[in-house]
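Q: I'm new to this structure, so could you walk me slowly through one part of it? Please take a close look at one sheet and its surroundings, then show me what else is around.

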Amino acid sequence: MLRFERVGKRYPGGRDALSDISFELPAGAMAFLTGHSGAGKSTLLKLIAAIERPSRGALIVGGVNVARLPARRIPALRRRIGLIFQDHQLLPDRTVFDNVALPLVIAGYRRRELARRVRAALDKVGLLDKERVYPQTLSGGEQQRVGIARAVVHRPPLLLADEPTGNLDPDLSRDIMNLFCAFNQVGVTVLIATHDLALIERLPYPRLVLRQGRLVDNPLAVS
Amino acid sequence: MSTPLPLLERLRAWAAHHAYVFFSSLGRLCRQPLSSALTIAVLAVALALPAGFGLLLTNVRHFAGDWQGAGRLTVYLRPEARRDQAEALAAALRDDARIASVTLIDKDQALAEFKRASGFGAALDALPDNPLPHALVLEPAPTAAADPAALEALRDALTARPEVELVQLDLDWLQRLLALLDLAQRGVRLIGVLLGLAVLLIVGNTIRLDIQARADEIRVTKLIGATDAFIRRPFLYTGFWYGLFGALGAAAVLAAAWWLLRAPLGRLLALYTGLPEPLGPDAALLGRLLALGIGQGIAGAALAVGRHLKAIEPR
Ligand SMILES: Nc1ncnc2c1ncn2[C@@H]1O[C@H](COP(=O)(O)OP(=O)(O)OP(=O)(O)O)[C@@H](O)[C@H]1O
Ligand SMILES: [Mg+2]
């Protein structure tokens, strides 16, 4: 599903944010990405969704080399990825329903099927009763769950989350982590960047550890 | 997993999304009534000005063409020509499509008139013969009247006839008027082009501000995998609405001006008998305004979108 081959990333005018990253995340697997602040976790996820482009190496997502993907094919790539951000990235002037529906509107779903899927996604994150409200009226944890509903509503095969439990209390964090595990159990490939080591300690998933842009612990090394 | 939708389903959804954006972009304009109304008012003025000038010019042309005596020809026959020759020529000219009416001025009648009007009665009585020839006054048909070359051709043809001594055609003022109208027409066209450009820039700038205000939204939709066409769509429809309402506003301005000017114009024209009815704004003008307004609105939006959407990328 996801393969990095000697990927490097240097931001313009900066030092290397990532160097020599190689690992493979098979379809249907789930893994965590950890490391100190500034280690390159966000950068690695951004490369996968073509928000940033690699400076070196090959990055294969679902059989496509994202490093060489022309700009016009980026939307199609992103529609196959569910993206979750620490700051939610919800649209404040649209209701929860409309926020979650956005990926389906983009993909061209019609009203009835769209409403059915939006409600199913909201149901999964336990926010079915909030579909008519605006995001600002929700708590941080609720907004995060709306973001998750939006990321999974079109059933993407790959789910990427950047600090999804960033500033949530431990109970809420555990709920959200359980949600990701549930998605993985129905076959979604999941990669989660987090520095909440306590939270993921007991979970049986491989952990990629970044330090200064290098993988210092790599259970997913390409054989 | 995500399965691609069948083509027909996608086509239906595409049309539905167009319909949705069509109305939601209108709704967005209505939610900022003051700034939208101001933009639309500026567009209306910019569209109404060239249309109004154009209408004025069309009317001047219209009147010039129908002006009584415009390009009137006076045909003086040779002194020896007889009355029946004059009548034969008059009859022949009445059948000419270029000529609207022919008036025969008999030489005896002309002399009597001249005696009475001039007060030289006694002196003229002393002449052995009537020195005046028979004359014909020709009113050209409207099509010929507006065309100096046609009038000149007519004059030359008449001069070539054996019984004709002289044909008088006063074209100078007509030629000057038409030259002036030509110049005015060019001026109006230039103003039209400049104001059309202004419409483009006004819409373009309004859409640019709109894009900046919605930068976050654009970033998020790009992250979720929206295509450029999808993101462009609401802005192009906004340009469409601005153009449509600007054109309708311009039509309203012209209709109001017409309503205000019509009565005094009618009184003025009544002083000149034979002038045609003035031409007001009509459906064709409305059609041109709509086409121009909507075209420039969408073009202005496309310009802004093309320049500014690329710069907004997710971070
Ligand atoms: N747009 C950018 N331009 C230049 N340098 C950048 C940019 N984004 C990130 N960096 C640098 O790249 C390195 C990795 O940043 P990144 O955001 O990937 O770290 P991170 O592991 O996500 O950190 P955190 O845990 O604080 O979110 C940092 O040194 C950062 O300063
Ligand atoms: Mg980060």
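A: Let's start with a word we'll need: two strands count as paired if DSSP finds at least two bridges between them. Keep in mind, too, that this is a predicted model.

With that in hand, go to chain A. There you'll find an open sheet of four strands, and reading across it the order is β2-β1-β4-β5, with antiparallel pairing. The edges are β2 and β5 of chain A, where β5 covers 64–65, and each of these edge strands pairs on one side only.

Let's take the pairings one by one. Strand β1(A), residues 2–10, runs antiparallel to strand β2(A), residues 16–25, and six bridges link the two. Want to spot this pairing residue by residue? Look for A:Phe4, which stands opposite A:Phe23 in β2(A). Next, find A:Arg3, whose bridge partner in β2(A) is A:Glu24. The two strands form a hairpin with five residues between them, and in that hairpin A:Gly13 has a positive phi near 75 degrees.

β1(A) also pairs with β4(A), residues 56–61; these two strands run antiparallel as well, joined by five bridges. Here A:Phe4 turns up again: its bridge partner in β4(A) is A:Leu59. So much for that pairing; now step on to the edge. β4(A) and β5(A) pair in the antiparallel sense over two bridges. Among the residues involved, A:Val61 has A:Val64 in β5(A) as its bridge partner. This is a hairpin too, with two residues between the strands, and A:Gly62 in it takes a positive phi near 55 degrees.

Now for what sits against the strands. Back to the sheet order β2-β1-β4-β5 in chain A: helix α1(A) packs on this sheet, where it touches β1, β2 and β4 of chain A, and its direction makes about 120 degrees with that of β1(A).

That helix leads us to ligand 1. Helix α1(A), residues 41–48, gives the most to the shell around ligand 1, contributing three residues. Which residues surround the ligand? They are A:Tyr11, A:Arg15, A:Ala17, A:His36, A:Ser37, A:Gly38, A:Ala39, A:Gly40, A:Lys41, A:Ser42, A:Thr43 and A:Glu163. Sorted by class, the shell holds three nonpolar, six polar and three charged residues.

Some distances help to pin the ligand down. An N or O atom in the side chain of A:Thr43 is 2.5 Å from an oxygen atom of ligand 1. From the backbone, an N or O atom of A:Gly40 lies 2.9 Å from an oxygen atom of the ligand. For A:Ala39, a polar backbone atom is 3.2 Å from a ligand oxygen atom. How much of ligand 1 does the protein bury? Taken alone, the ligand exposes 640 Å², and the protein buries 61% of that.

Finally, hop over to chain B, which has a sheet to set beside the one in chain A. It is an open sheet of four strands in the order β2-β3-β1-β4, with antiparallel pairing. Its edge strands are β2 (99–105) and β4 (164–169) of chain B, each pairing on one side only. On average, neighbouring strands here are turned by 20 degrees against each other, direction ignored. Within this sheet, β1(B), residues 73–77, pairs with β3(B), residues 135–140, in the antiparallel sense over four bridges. If you'd like one pair to look for, B:Leu73 has B:Leu138 in β3(B) as its bridge partner. A helix belongs to this picture as well: α3(B), residues 83–94, lies across β1, β2, β3 and β4 of chain B and runs at about 170 degrees to β2(B).

How values were computed: Residues are numbered from 1 along each chain as its sequence is written. Chains are lettered from A and ligands numbered from 1 in the order in which they are written. This is a predicted model: local features need pLDDT of at least 70, side-chain atom pairs count only at pLDDT 80 or more; totals for chains, interfaces and linings use all residues. Side-chain values use heavy atoms; hydrogens and water are left out. Axes are lines fitted to C-alpha atoms, for helices over the stretch in contact, and angles run from 0 to 180 degrees between N-to-C directions. Contact means heavy atoms within 4.5 Å. A residue is near a molecule or strand if one of its heavy atoms lies within 4 Å of it. A polar contact is a pair of N or O atoms within 3.5 Å; within protein, one must be able to donate a hydrogen and the other to accept it, and residues adjacent in sequence count only if both atoms are side-chain atoms. Accessible areas come from the Shrake-Rupley method with a 1.4 Å probe; for residues, only the protein chains shown count as cover. Ala, Val, Leu, Ile, Met, Phe, Trp, Tyr, Cys and Pro count as nonpolar, Asp, Glu, Lys and Arg as charged, and the others, Gly among them, as polar.
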